[in-house]
Amino acid sequence: MLSGFRGAERYAAGMIRFRIAGLATLALAATGCTSDAVSLTSTTGPSAITPSTAPVSSTSTTGNPGETTTTVVAPTTVPLSELRITLIETDSGFDRPVLLVADPDGGHDYIVEQPGRIVRADGGEHAVALDIRGAVKFGGEQGLLGLAFHPGFALNRLAYVNYIDNRGATVIEQFEVHDGIFAVATGSAILVIGQPAGNHNGGMIAFGPRGFLWIGMGDGGAANDAFGNGQNPHTLLGSMLRIAVPGSDGAPYDIPELNPYTDGADGAPEVYWTGLRNPWRFAFDFFEDGVGANVWVADVGQDEIEEVSLVLSDSRRANLGWPVMEGSECFQSESCDRNSFILPVTEYTHDDGCSITGGYVYRGDSIPELDGHYFYSDFCSGFLRSYSLESGNHDWTGMTGITPQMSGFGIGRGGELYVVSLTGSIYRIERAG
Ligand SMILES: [Ca+2]
């Protein structure tokens, strides 16, 4: 389903500025994202405050003689090597949950259940916000897989879900949400993508910079990219898609002016990046300027390597390698040109797991030492790891224990990071002790 290009006019005004930004960042992406390409800050490191130090206060005088204000400058932090964290179960009883998403109003956390429901969860009280189990094909890697609220939700009340329908196709459907409940009658399938096999359906949808909806699509399934989608920009499979919703003039969606294949000649207009195998989860870490982000893509590997790639949101035509490469290794042949692809920033082999579960960059308030850390796990081994550009990988499993069937993560309405287990429980990452 193509949209026509009715959104072109809408984005033309910003085109020149965007194009310049795109060219500047492409070079950085091609080098694998140097530290120049990211804007991460951390309160940890050699200058961090030691645990024995009380919170720092500063006193300043105001315009009124004799009147002072006292401001707490920063919470107490410890060096990262001394930080202790734990997982606290905050909720349970869900039916195969795969994701936690907070609405932009900050009013509710929503849990996505794979069989086809979205459950609103407020402090242990659950309410079914959407039940489309009759429309969802559930089992294995199929089901209701993703949820994203529109950045203009406060005004337009729009939310989007990603599921596999009874024919086995990926459906992106738009709903209006009122008072925390999805209005089923407003449901409108805006994009349907046929799937040649039951596995590798991707599943994540999220709104990125400039308000575009990103959709992570797997290679169509089977094994070894049997359908040849990974490096084919003409198919929506094996790709990261980027569209503008809602569409203008009654179109289901529009094509952003700066997508790389807008005329359809060299690729499908919806395709933004290629070379993906099964990006079950990806996450944006927005820059403070609001117009760009680091995109953390966790792509599930085949037999050997699970990988995390870091790509700037403005990088057009980024190619993440599959199936020429699996992680940082050549896959289809003994030699390959690594310079043609975005290589992972971190990866692990199947000695440590079987299927990566990507999470989010921690930007919460309660554990400032973890600011800028990207958290991820593995469905089979249930470890909890974080990766930061400054300090590399950290394995927290010795403190948090192994979480069975780690299916997803979430950032709750308070901005803290949650872990989702397919067994039905939700956990919050907290400071220990
Ligand atoms: Ca790759």
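This report describes the confidence, core, strands and one loop residue of a predicted protein model.

Residues are numbered from 1 along each chain as its sequence is written. Because the model is predicted, local features need pLDDT of at least 70 and side-chain atom pairs count only at pLDDT 80 or more, whereas totals for chains, interfaces and linings use all residues.

**Confidence and overall make-up**

The mean pLDDT (the predictor's confidence in each residue, from 0 to 100) is 86 for the protein, and 83% of its residues reach 70 or more. Over residues 1-66, however, pLDDT stays under 50, and for this stretch the model has 112 contacts beyond four places in sequence; two residues are in contact if their C-beta atoms, placed from the backbone, lie within 7 Å. Among the contacts in the protein with a separation of 6 or more, 57% are between residues 24 or more positions apart. The protein has 4 helices and 28 strands, which are DSSP runs numbered from the N terminus (helices H or I, at least four residues; strands E, at least two).

**Burial and core**

Of the 433 residues, 45% are buried, where buried denotes 20 or more other C-beta atoms within 10 Å of a residue's own, exposed 12 or fewer, and partly exposed in between, with C-beta atoms placed from the backbone. The largest nonpolar core (a set of buried Ala, Val, Leu, Ile, Met, Phe, Trp, Tyr and Cys residues joined through C-beta atoms within 7 Å) holds 98 residues, of which Val112, Leu147, Ile205, Leu213, Leu241 and Trp296 touch the most other members. Beyond its neighbours within four places in sequence, Val112 has contacts that include Leu99, Ile118, Leu144 and Leu147.

**Strands**

An open antiparallel sheet of 4 strands follows the order β8-β9-β10-β11, pairing being assigned if DSSP finds at least two bridges between two strands. Since β8 (144-149) and β11 (181-193) stand at the edges with a single partner strand each, one side of each is left without a neighbour in the sheet. Two antiparallel pairs are set out below.

| Strand | Partner | Bridges | Opposed residues |
|---|---|---|---|
| β9 (residues 158-164) | β10 (residues 170-178) | 7 bridges | Val161 and Glu173 |
| β22 (residues 356-361) | β23 (residues 374-378) | 4 bridges | Ile356 and Asp378 |

Strand β22 is largely enclosed by the rest of the structure, because 6 of its 6 residues are buried.

**A loop residue**

Threonine 262 lies in the loop between β14 (239-243) and β15 (271-274), and, because it has 17 C-beta neighbours inside 10 Å, threonine 262 counts as partly exposed. Its C-alpha atom is separated by 9.8 Å from that of tyrosine 272, 10 residues apart along the chain.
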